[in-house]
There are 2 protein chains.
Amino acid sequence: MSAPRVIALSGGIGGAKLALGLYRLLPEALAVIVNTGDDFEHLGLTICPDVDTALYTLAGLANPELGWGRRDESWTFMRALAELGGETWFRLGDADLALHIERTRRLQAGETLSKVITDVARRLGITAAVLPMSDAPVRTRILTATGELAFQDYFVRRRCEPQITALRFDGAARALPAPAAIAALTSPAAEAIVICPSNPYLSIDPILAVPGFRRLLADSVAPVIAVTPLIGGEAVKGPTAKIMAELGVPTTPAAIAQHYEGLLDGFVLDERDASCARELTVAVHVTDTLMRSLADRERLAREVLAFAAKLPRTRMERG
Amino acid sequence: MSAPRVIALSGGIGGAKLALGLYRLLPEALAVIVNTGDDFEHLGLTICPDVDTALYTLAGLANPELGWGRRDESWTFMRALAELGGETWFRLGDADLALHIERTRRLQAGETLSKVITDVARRLGITAAVLPMSDAPVRTRILTATGELAFQDYFVRRRCEPQITALRFDGAARALPAPAAIAALTSPAAEAIVICPSNPYLSIDPILAVPGFRRLLADSVAPVIAVTPLIGGEAVKGPTAKIMAELGVPTTPAAIAQHYEGLLDGFVLDERDASCARELTVAVHVTDTLMRSLADRERLAREVLAFAAKLPRTRMERG
């Protein structure tokens, strides 16, 4: 691939939808920098839920019913593991397992996560760059009223039920952005940086917590645009609104834009929230951001890129 | 389980057939001490082919077509691993994988192999004791005319084609018999010790190479009986005859008995080799040793136990 013209920052399912739209428009010129704060060690395997969702989504292998994992999946392993008394709260399909086992083997052999994911992406026929945010482990920790939880304990085992008081990104302070992410963000070829409609707290903040990313975004020649993860005060899927409420933040697009303060040149607002436009201090594009079909993803991606192309560079942190 | 009355020493498929016959007769009073020299680390997992064959066979889960692995197995993992460019020469079914992953996790957490296998056996409803020969790793190495091979490289990847010049059991000298194996062999309740019709070189020798086993067999109150793995100069399955030829040993039951010299009180000879009886220096029982059906397994097991019950204790090493 030549230097990416568009760089997306993404978490799991919601972000991957827009990433897929961008990929359909720019199959050879997209880089997706993916959150690894969700990664965890389970059953002796290193599992990277958001990276894998990005891989499966771009490869056309994602499971449309579950919203995670692979389509045409079988579940024999999980049944046999239950029979042996193993831990089954985190569901792993038989085909999905191949990625976890192969990744774990290669990481233990000393390869970087970036190298493994680049190879897997190529094997799956993906022509975009899928870039874990860092090759160093970063692990999101959820602080709740009743104690601290590892991310997947909160997200999957406890189904996001505990009330969040704060978040911490273990390892982030010692991590560096993945080299290919640095290369993409510093490239003169960059035309747009898109913060996908992922959960700002769970999916984008871990990326921004890695020292360097905020500066890389600020210094890029490309405008930075966030796409709202809220429509009418609710997330399409996931606990974004619930977490904002728990943290005492209004569940509004303006609060999302505020959360990214200093990073953005533009914000894509859902048409159902058009009246909020005046609360925003950056350029706004209003459209239907709900992505049901593949055509929706492509249309939203096209609008985001058109919006980026005409944006003046206004963001505060630019040097 | 109360103290086992019968203790079988076994490798994989051939030995497990007789072990199953014994298990059908004595579901609550059998211990099977299983070779772990075939064990290996693959894809980051600790795999114990002979132990697993014993488990699946006694649990009624063995794959009758393949002779290894589980019945009603699916192969989604293997297809996905191939897609990712992973190593596929050693085939792992989706359900089988659960055992490897759960075992590896528990070993890495510091549990002994004995403990893990005891728990798995109970989970699978097995009332016999399935005992890995040792909790310390022993790894069979195959010396060939063209170099040394790890066991599974020889057995699976090279399909037993290289010519064997010698065998070595790495780790055996530092290993100890598993505590439950010691307890079974020293129990006053022991009525018979059966060396199953497994490959003497690949399956039984690794057990005997662990310091203590020869003495435990010699000192047991029970008679020791070997069941021939050869019928008419050929093994029912596997490379026993080929290896004997390569090592310059006649492919005869007498040579098998000779191989176990000093350990045996009795030898079970196939009726097709009845004329060899006079070459043997221990008590002989002649019968049809070919096990096609479950009834065959039970009949042979019954004959072996009846033979043991009437055997004078003659073996040389007894103190």
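Q: Within what distance must the C-beta atoms of two residues lie for the residues to be in contact?
A: Take two residues and place their C-beta atoms from the backbone. The residues are in contact if those atoms lie within 7 Å.

Q: What kind of model is this?
A: Residues are numbered from 1 along each chain as its sequence is written, while chains are lettered from A and ligands numbered from 1 in the order in which they are written. Local features need pLDDT of at least 70, side-chain atom pairs count only at pLDDT 80 or more, and totals for chains, interfaces and linings use all residues, as the model is predicted.

Q: What share of the contacts in chain A with a separation of 6 or more joins residues 24 or more positions apart?
A: Count the contacts in chain A with a separation of 6 or more. Then pick out those between residues 24 or more positions apart. Their share is 69%.

Q: What is the radius of gyration of chain A?
A: Chain A has twelve helices (DSSP runs of H or I, at least four residues) and 14 strands (runs of E, at least two), numbered from the N terminus. The globule rule (2.2 Å times the number of residues to the power 0.38, for a radius taken over C-alpha atoms) gives 20 Å for its 319 residues. Chain A comes close to that, so it is as compact as a globular protein of that length. Its radius of gyration is 19 Å.

Q: Is Ile33(A) buried or exposed?
A: Ile33(A) is found in strand S2 (residues 30–34) of chain A. A residue is buried if 20 or more other C-beta atoms, placed from the backbone, lie within 10 Å of its own, exposed if 12 or fewer, and partly exposed in between. Ile33(A) has 31 of them within 10 Å, so Ile33(A) is buried.

Q: How many of the 15 residues of H4(A) are buried?
A: H4(A) covers residues 94–108 and reaches 21 Å from its first C-alpha to its last. Among what covers its buried residues are H3 and H4 of chain B. H4(A) is largely enclosed by the rest of the structure, because its buried residues number twelve.

Q: Which residue, with a positive phi, follows H4(A)?
A: Look just past the helix for a positive phi. The value there is near 100°. The residue is Gly110(A).

Q: Which helix gives the largest share of the side of chain B that touches chain A?
A: The contact takes 23 residues from chain B and 23 residues from chain A. On the side of chain B, helices H3 (76–83), H4 (94–108) and H5 (113–123) each give two or more residues. The largest share is ten residues, and it comes from H4(B).

Q: On how wide an arc do the buried residues of H12(B) lie?
A: The buried residues of H12(B) include Arg297(B), Leu300(B) and Phe307(B). Their arc, that of the directions from the helix axis to the C-beta atoms, puts them on the same side of H12(B), because it is only 125°.

Q: Which exposed residues does the face of H12(B) turned away from its buried side carry?
A: The buried residues of H12(B) are covered by elements including helix H1 (13–25) and strand S9 (192–195) of chain B. Now turn to the other face. The exposed residues there are Ala295(B), Ala306(B) and Ala309(B).

Conventions
Expected span 1.5 Å × (residues − 1).
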